[in-house]
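Good morning, colleagues. I would ask you to look at the sequence and the structure on the screen before I begin.

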Amino acid sequence: MTLRAMDRRRVARLARALPGVLALLAGCGDSDKADVAGSLGLARMTDVNPAADIVEVNLVAEAGRMRYLPAGDAEVWGYKDGARAGAVASVPGPLIEANQGDKVIVRFTNNLGEATTIHWHGIRVPNAADGTPSTQKEVAPGGSFVYEFIASDAGTFWYHPHIRGDVQLERGLYGMLVVHGGPEVPVSADRSFVLDDVKLEATGKLSEQTDALDIMLGRQGNVLLVNGQRRGRLDIQRGARERWRFVNAANGRYFNLRLPGHTFTVIGWDGGLVPSPYTAETLLIAPGERYEVLVTLTHKLDGPLAVENIYYDRGHDIPDPGPQALFQVSFTGDAIAPGQLPSTWGSMQAIAVTSTTPAEMIVFREEDSKTPGSEPRFFINDNAFPNVPLISGREGETAIWSVKNDTEMDHPFHLHGMFFQVLDVDGQAPEHSGWKDTVNVPQKKTLRFAVRYGSPGRWMYHCHILEHAERGMMAELILSPPS
Ligand code: C2O
Ligand code: CU
């Protein structure tokens, strides 16, 4: 399905409007610096449990305010640390940290005016803690729920609602969860960055308008955010080696990062450290994915240095707005020489597959709005959730899934409750290996992965462009105990 002519014109109009909005923002110059905190750090969640191997937190969802533009506040929904007196909801929510093997107890309270749930994206939770409508009753306004799981894998994860995800995440409900563990990587700083974009009015308020284009592409905002800040600043020591963790929490935007004059050493992604780190000039992060990189800041050029988002062709003829600065890096003195890197990183044994391994076929299809005012539609195997036929299996079984993208745009595929290993894309083996739970399936291509089924329960899989997921591009895998 191609975008209809009308939508193409809308894309073109959006493309023309975007530099206008950016110019408007640039016009604010540095006078708005006072509105932007100087550091991009995330608030850390309070662990109220004294036991060394238990992380227990009080997480509250409620309405709040964020000042994205100097012009005024946006009314957002966010998470706050219920254990900290005077805390207010923020976007992103507080950073939850645990050590590998810790028990995590989240006492969640919903102070929003509508029901919600929390999904622990990437964590191998017991099914009852997965936060989807098929594993729990939604948490009504004023209600509460306790999530409990073991942080069994070290890595970079995140949390967000799993009902009305397109609306609730867009309003600001998301946060990061970092599980520490594995080989010690000597760095001057270990930083977490949550990427998002928001569609703002000139007043600084979130736009209430959702048009067919927002639905087709996943709502792409006109302002890019890192840890809830537009054009934030980061002070770093020259020569420092830092570990940067990224999650893409946007509804639909693909981020393609670059740091001019530098390269990224990719050391990890969704499922933790990769077995063999690699160097990359740019870092493509599809919605829902996480990456961990090392950067050594050796910048010698004059002038400012910024982490930029550059064009990636995600389909449907989306135009290139040119590089957009995400945050500014400034130097504060010189770092001490970085220590020795570990010789072994993540561990991953290839899942053994043969020609008799059970296979599943998932086909993504989309249909543009047929008449003005009607919405685009999204399908898995020609059905829309909850009518997609179930896939079933048993814990411990191995399967090969083929995800065929029969559309003219990329879709990020996400499976709950377990990690998988990509085998190939249109028959071509990937350059790098590691555990994934979210992977980009390029337009008109078929991606195959191997999976060893995890614990029993109902596990969702879906496109992580939330407008698509909430309109049918979602389905379930039902696992029973091993025979
Ligand atoms: Cu990030 Cu089904 O979710
Ligand atoms: Cu999609």
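Is M361 buried, partly exposed or exposed? The model before us is a predicted one, and in this model M361 has a relative accessible area of 45%, so M361 counts as partly exposed. The residue belongs to strand β20. Once residues up to four places away in sequence are set aside, M361 touches N381, S402 and K404. As for its distance from another part of the chain, the C-alpha atoms of M361 and G165 are separated by 25 Å, with the two positions 196 residues apart along the chain.

Let me now place strand β20 in its sheet. The sheet is open and has five strands, in the order β21-β20-β23-β27-β25, with mixed pairing. Its edge strands are β21, residues 377-380, and β25, residues 420-425, and each of these pairs on one side only. From one strand to the next, the twist averages 20 degrees.

Within this sheet, β20 covers residues 359-367 and β23 covers residues 398-405; the two strands run parallel and are joined by six bridges. One bridge can be pointed out by name: I362 has V403 as its partner in β23.

A second open sheet deserves a look. Here there are six strands, ordered β10-β9-β12-β17-β14-β15, and the pairing is again mixed. Why is one side of β10 and of β15 left without a neighbour in the sheet? Strands β10 (223-226) and β15 (272-280) stand at the edges, and each has a single partner strand, so one side of each remains without a neighbour there. Neighbouring strands of this sheet are turned against each other by 25 degrees on average, direction ignored.

In the same way, I can single out one pair of this sheet. Strand β12, residues 241-248, and strand β17, residues 290-296, run antiparallel and are joined by seven bridges. R243 has L294 as its bridge partner in β17.

I turn next to the nonpolar interior. In soluble globular proteins, nonpolar side chains tend to be buried together. The largest nonpolar core of this model holds 60 residues, and the members that touch the most others are W120, W401, F413 and Y461. Strand β1, residues 54-69, supplies the largest share of this core, with four residues. Apart from this core lies another, of 32 residues, which includes L224, F246, V266 and A335.

W401 merits a closer description. Leaving aside neighbours within four places in sequence, W401 is in contact with a list of residues that includes I362, I391, F413, L415, F449, V451 and Y461. Charged residues are also on that list, among them E360 and R448.

Which residues hold the copper ion, ligand 2? The protein donors are H411 through ND1, C463 through SG and H468 through ND1, at 2.0 to 2.1 Å from the ion. Along the sequence, these donor residues follow the spacing H-x51-C-x4-H. C463 has a relative accessible area of 0% and is therefore buried. H468 also has a relative accessible area of 0%, so H468 is buried too.

Finally, I would draw attention to the loop between β4 and β5. T117 lies in this loop, where β4 spans 103-110 and β5 spans 119-121. With 0% relative accessibility, T117 counts as buried. Its side chain reaches the backbone oxygen of G131 at 2.6 Å. A polar atom of the T117 side chain also lies 3.0 Å from the backbone nitrogen of H162. Beyond its neighbours within four places in sequence, T117 is in contact with residues including Y79, Q136, E138, Y147, H160 and I163.

E114 is found in the loop between β4 and β5 as well. Is E114 buried or exposed? The relative accessible area of E114 is 19%, and because the limit for a buried residue is under 20%, E114 counts as buried. The side chain of E114 makes a polar contact of 2.5 Å with the side chain of R164. Not counting residues up to four places away in sequence, E114 touches W77, V139, P141, R164 and Q168. The C-alpha atoms of E114 and I391 are separated by 31 Å, and the two residues are 277 apart along the chain.

That concludes my presentation, and I thank you for your attention.

Notes. Residues are numbered from 1 along each chain as its sequence is written. Chains are lettered from A and ligands numbered from 1 in the order in which they are written. This is a predicted model: local features need pLDDT of at least 70, side-chain atom pairs count only at pLDDT 80 or more; totals for chains, interfaces and linings use all residues. Side-chain values use heavy atoms; hydrogens and water are left out. Buried means under 20% relative accessible area, exposed over 50%, partly exposed in between (1.4 Å probe, protein chains only). A polar contact is a pair of N or O atoms within 3.5 Å; within protein, one must be able to donate a hydrogen and the other to accept it, and residues adjacent in sequence count only if both atoms are side-chain atoms. Contact means heavy atoms within 4.5 Å. A nonpolar core is a set of buried Ala, Val, Leu, Ile, Met, Phe, Trp, Tyr and Cys residues joined through side-chain atoms within 4.5 Å. Donors are N, O and S atoms within 2.8 Å of the metal (3.2 Å for Na, K and Ca); water is not among the atoms, so sites may look incomplete. Two strands pair if DSSP finds at least two bridges between them. Axes are lines fitted to C-alpha atoms, for helices over the stretch in contact, and angles run from 0 to 180 degrees between N-to-C directions.
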